Amino acid sequence: HMPASPPTAPVTSALVHRDLLALEEEFYDLQVAEDLSVMSVVTESITLEGINLGRFRLELDLAALARGRQGGDCIMAIALNPNPAACNEEVTHPHVQGGQICLGDGAPLLRAAMTEGRLYDAFVVVNQVLHTYNDASPYVALDRWNGRSCDQCDDYVSDEDAYSCQACGNLLCQGCEHRCPDCDDSFCRNCMTSKNGELLCSSCADERERQEAEDEEADEEPEEDEEEPQPLTQEETVHEPTPT
């Protein structure tokens with residue numbers, strides 16, 4: 001038989017009232033739904049490693065809590081001033097995706113707080129998670145927050161080092177960017193044509209073919225024969241004066 005869980009102290013109205021007062025002191029905009037299904041607070045603006053992620057509304061599903069659910073899925077983090085990762089708009093914080101929070105080491109602390117009805121402690125645990133960056137398990141790493149994945153190789157590329165294919169618009173890293181030697185624009189490999197050992201964009205390849213066709217046509221045209229000089233007529237003949 002599994003050992004029985006240790007009894008928890010009963011949640012009294014006095015304890016709930018104390019937690020509500022503490023939440024009003026610690027957070028902004030404490031709200032409780034009229035049907036007591038949801039309780040929410042707003043955090044201060046969060047900045048991690050120089051990246052401003054804005055404020056978050058923490059929503060605790062009291063109805064789910066009443067039904068015995070005590071995991072992290074009972075509480076959501078909704079970005080109020082979203083600055084999502086450039087590669088995924090659902091990631092509004094390195095540890096938040098679609099409002100769901102990856103609690104990491106905070107998961108057992110949150111579960112214990114909710115099991116014992118310590119609402120204030122539950123919000124504080126989540127707030128601490130949002131103010132902490134764990135580079136071992138982010139949805140998107142902070143050093144890649146403002147960059148995207150190369151559309152050709154999926155490697156990370158920062159905004160400063162990114163190129164754009166002038167034909168299809170794909171985002172390219174330096175290794176996947178090809179420069180057309182004729183127009184000097186950037187293209188991905190799929191939008192270029194190999195011609196005489198060179199990679200050209202489609203427009204420049206077509207232009208070279210047109211020019212080559214014109215040159216071949218010019219070489220095939222016969223040269224016009226030069227007109228032989230016609231003998232002068234009697235009227236046109238110039239008589240030099242006879243020396244005296």
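Which residues line the largest pocket? Keep that in mind as we walk through this model, which is a predicted one; we will start with the strands and helices and come back to the pocket at the end.

Let's begin with strand β1, residues 28-32, which pairs with β2 in the antiparallel sense over three bridges. If you want to find this pairing on screen, look for Y28, whose bridge partner in β2 is V42. The two strands form a hairpin with five residues between them. One residue to click on in that turn is L36, which has a positive phi of about 60 degrees.

From here, follow β2 to its other pairing. Strand β2 covers residues 38-42 and strand β5 covers residues 56-61, and five bridges hold the two together in the antiparallel sense. V38 is a handy marker here, as D61 in β5 stands opposite it. Strand β5 in turn runs antiparallel to β6, residues 75-79, and five bridges join this pair. In this pairing, L60 faces I75 of β6. As you step along these strands, it helps to recall that side chains in a regular strand alternate between the two faces of the sheet.

Further along the chain there is another hairpin to visit. Strand β16, residues 192-195, and strand β17, residues 198-201, run antiparallel and are joined by four bridges. K195 has E198 in β17 as its bridge partner. Two residues lie between β16 and β17 in this hairpin, and N196 in the turn has a positive phi of about 50 degrees.

Now for the helices. Two packed helices are described by the angle between their axes and the distance between the axes. For helix α1 (residues 13-26) and helix α4 (residues 119-130), the axes come within 8 Å and cross at roughly 30 degrees. Angles under 35 degrees count as roughly parallel, so α1 and α4 are roughly parallel to each other. On the α1 side, the contact is made by D19, A22, L23 and E26, which meet L119, Y120 and F123 in α4. Sorted by type, the residues of this contact are five nonpolar, no polar and two charged.

That brings us back to the opening question. The lining of the largest pocket consists of H95, C102, L103, G104, D105, G106, L109, Q128, V129, T132, N134 and S137. By type, the lining has four nonpolar, seven polar and one charged residue. The space in this pocket is about 200 Å³.

Note on methods: Residues numbered from 1 in each chain as written. Predicted model: local features only at pLDDT ≥ 70, side-chain atom pairs only at ≥ 80, totals over all residues. Heavy atoms only, no water. Pairing = 2+ DSSP bridges. Axes fitted to C-alpha atoms, helices over the stretch in contact; angles between N-to-C directions. Parallel < 35°, antiparallel > 145°, perpendicular 65-115°, else oblique. Contact = heavy atoms within 4.5 Å. Nonpolar A, V, L, I, M, F, W, Y, C, P; charged D, E, K, R; others polar. 1 Å grid on protein atoms, 1.4 Å probe; cavity = no way out; pocket = protein on both sides within 12 Å on 5 of 7 lines; lining within 4 Å. Points joined across faces, edges and corners; volume = space filled by probe spheres on them.
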